[in-house]
Every structure is written in C-alpha cells, then in structure tokens.
Amino acid sequence: MQILWPPRDGEITDAELERAYDYPADLDRPWVQVNFVSSVDGAVAVDGQSAGLGNPADKKVFALGRDLADVVLVGAGTAKSERYHGIKAGEVRAERRARLGLAPIPPIAVVTARGSITPDSPLLTDSTVRPIVITTSSAPADRRAALADAGADVVVAGETEVDLAVALRALGERGLLRVNCEGGPTLFGDLIAADLVDELCVTIAPKLVGGEAGRIAHGAVAPPRDMALVSALHYESALLLRYQRVR
C-alpha cells in the first residue's frame with residue numbers, strides 16, 4: 001500500500017497504518033468508526049457478500065479495525081449473511097492489543113430490533129467472549145430470555161426500533177468506547193440518520209458490478225453530513241479512504 005494523502009512517497013509501514021487508523025486518544029464517549037468496501041459503481045456486495053470486492057490491503061485494514069476496537073458493532077442481517085462467529089484469539093494481534101491496553105478479544109455487538117439472533121447462532125456458540133445483543137422492549141420476552149440464558153449480554157435500547165444513541169451509551173457504560181461498525185447498510189444508514197458516525201473507512205474496489213446490488217448505506221432520509229478526508233491509500237487499482245465527521 002502507498003500513501004496518496006497526506007502526500008508522501010513510498011510504502012506505508014505497519015506502524016504508520018496503525019497510527020492512521022487508530023482512535024483518538026483519551027476518548028470520553030463512544031467513537032464510531034464504520035468500515036465498508038464498495039465497487040466503483042457503488043455496489044456493496046457481489047452475490048450477496050462483500051468478500052467478492054475485497055483485496056489483500058482491504059483485508060489487512062479490516063483486520064486492523066478489529067485489532068484496534070473495544071467492540072465490533074454489526075447488524076443482524078450482515079451477521080447472518082456473512083456467517084459471523086465470535087472473534088478468536090488468533091484473529092486479532094495480541095501484541096498490538098496488549099500494547100494499547102485493550103482486552104485480549106473484542107466482543108461482537110449485534111443490533112436486532114426483534115431479537116432475531118437465535119441461541120444456537122455461532123455468535124453465541126462459537127465465541128470465547130460474551131457477545132452483546134442490542135434489541136428493543138418489543139422483542140418477545142422469551143426470545144430475550146433465551147439469548148441471555150445462552151450467554152448473551154442483552155441490552156434493551158428503545159421500544160420498537162433500536163435507539164442507537166441509547167445503545168452506544170450502554171456500550172460506553174461497559175467501557176467499550178472504540179466502536180468498529182462493520183455494517184450492514186441499514187445499520188449504517190440508521191447511524192447516519194442519528195448523526196452518530198465519527199469516521200468512515202471505505203475501500204473502493206476496481207470493479208463494475210451492476211445488477212441490483214445495494215449501496216453501503218440506506219434508510220431514512222437525513223440531512224447530508226459533512227465529512228473531511230483524513231487519509232487516502234492505494235493498493236494496485238483500489239483506493240482506501242478515511243473520512244472524519246466535521247462537527
């Protein structure tokens with residue numbers, strides 16, 4: 001990978017990449033960093049999965065996002081379609097997390113208004129840290145109880161729709177301030193609508209997909225949110241861009 005912005009010649013080192021993608025120091029509230037890959041014509045997936053758009057550099061940044069996070073936030077639909085399971089020790093760099101004072105493994109927090117994650121989901125059965133299920137008071141009580149019995153930390157945030165501001169406060173109360181959101185588009189759209197996105201890391205894959213693939217965000221219409229480019233890298237013909245919210 002090479003740096004385009006800020007201008008500088010040469011390959012980026014692992015240490016520079018970590019500094020570029022790290023969270024602000026001394027956070028006093030949850031900081032939401034959203035990660036996506038998109039084709040040049042705006043498609044978010046190929047055959048329903050984002051893997052068809054990835055490349056080695058994008059995979060490296062995706063893994064770095066997990067290395068640097070206190071918690072991985074994901075929508076239930078994406079967790080199901082991408083076959084999520086709990087993060088394993090070998091999937092994050094122990095040295096990096098120890099050096100940064102982070103827990104050995106970040107939990108996954110799944111957003112599901114109806115509590116649609118089942119107790120036999122790999123997110124619960126194939127996890128070494130307690131997952132978090134963020135749901136609503138309208139989700140069936142027996143479903144919420146079953147998830148809690150299966151080991152989930154069940155957070156009720158809202159009545160019929162998940163109130164993401166309440167959800168983030170709950171994560172903050174658990175000391176989880178570095179929030180790495182891995183999608184999907186509905187969750188991202190809801191975060192935009194609530195003006196809760198602090199940073200977007202997006203890889204532009206050099207592919208034309210066409211078809212009926214969705215875009216990286218959709219949902220309620222919201223005022224445009226101003227963002228500032230803070231870094232741009234390229235790998236072969238792919239661009240890896242980082243934008244931060246202008247507040």
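A salt bridge, as I use the term today, is a side-chain nitrogen of Lys or Arg within 4 Å of a carboxyl oxygen of Asp or Glu. Please keep in mind that what we are looking at is a predicted model.

With that rule in hand, let me start with Asp198, which forms a salt bridge with Arg29, the closest N and O atoms being 2.8 Å apart. This pair links distant parts of the chain, since Asp198 sits in the loop between helix H8 (185–193) and strand S8 (199–205), while Arg29 sits in the loop between H1 and strand S2 (31–39), 169 residues apart. The two partners can also be described by their accessibility: Asp198, at 1% relative accessibility, counts as buried, and Arg29, with a relative accessible area of 36%, is partly exposed. Nor does the pair stand alone, for Arg29 and Asp198 belong to a network of salt bridges that also links Asp195, Arg225, Arg245 and Arg247.

Let me move on to the neighbouring position in the sequence, Glu199, which forms a salt bridge with Arg242, with 3.0 Å between the closest N and O atoms. Glu199 lies in strand S8 and Arg242 in strand S10 (residues 238–245), so this salt bridge ties together parts that are 43 residues apart in sequence. Are these two residues, Glu199 and Arg242, buried or exposed? Both Glu199 and Arg242 are buried.

Now for a pair that involves two helices. Asp14 forms a salt bridge with Lys60, and here the closest N and O atoms are 2.6 Å apart. Because Asp14 lies in helix H1 (residues 14–21) and Lys60 in helix H2 (residues 56–68), the pair ties together parts of the chain that are 46 residues apart in sequence. Asp14 is partly exposed, with a relative accessible area of 38%, and Lys60 is likewise partly exposed, at 39%.

Since we have arrived at H1, let me stay with that helix for a moment. Which residues of H1 are buried? They are Leu17, Glu18 and Tyr21. Seen down the axis of H1, these buried residues fall within an arc of 100 degrees, and therefore they line one face of the helix. As for what that face meets, the buried residues of H1 pack against S2, H2, helix H4 (94–99), S8, strand S9 (227–235) and S10. Among those elements, then, are H2, where Lys60 lies, and the strands S8 and S10, which hold Glu199 and Arg242.

To place these pairs in the whole, the count for the model comes to 15 salt bridges.

Technical notes: Residues numbered from 1 in each chain as written. Predicted model: local features only at pLDDT ≥ 70, side-chain atom pairs only at ≥ 80, totals over all residues. Heavy atoms only, no water. Helix = DSSP H or I, 4+ residues; strand = E, 2+ residues; numbered from the N terminus. Buried < 20%, exposed > 50% of the residue type's maximum accessible area, 1.4 Å probe, protein only. Arc of directions from axis to C-beta. Contact = heavy atoms within 4.5 Å.
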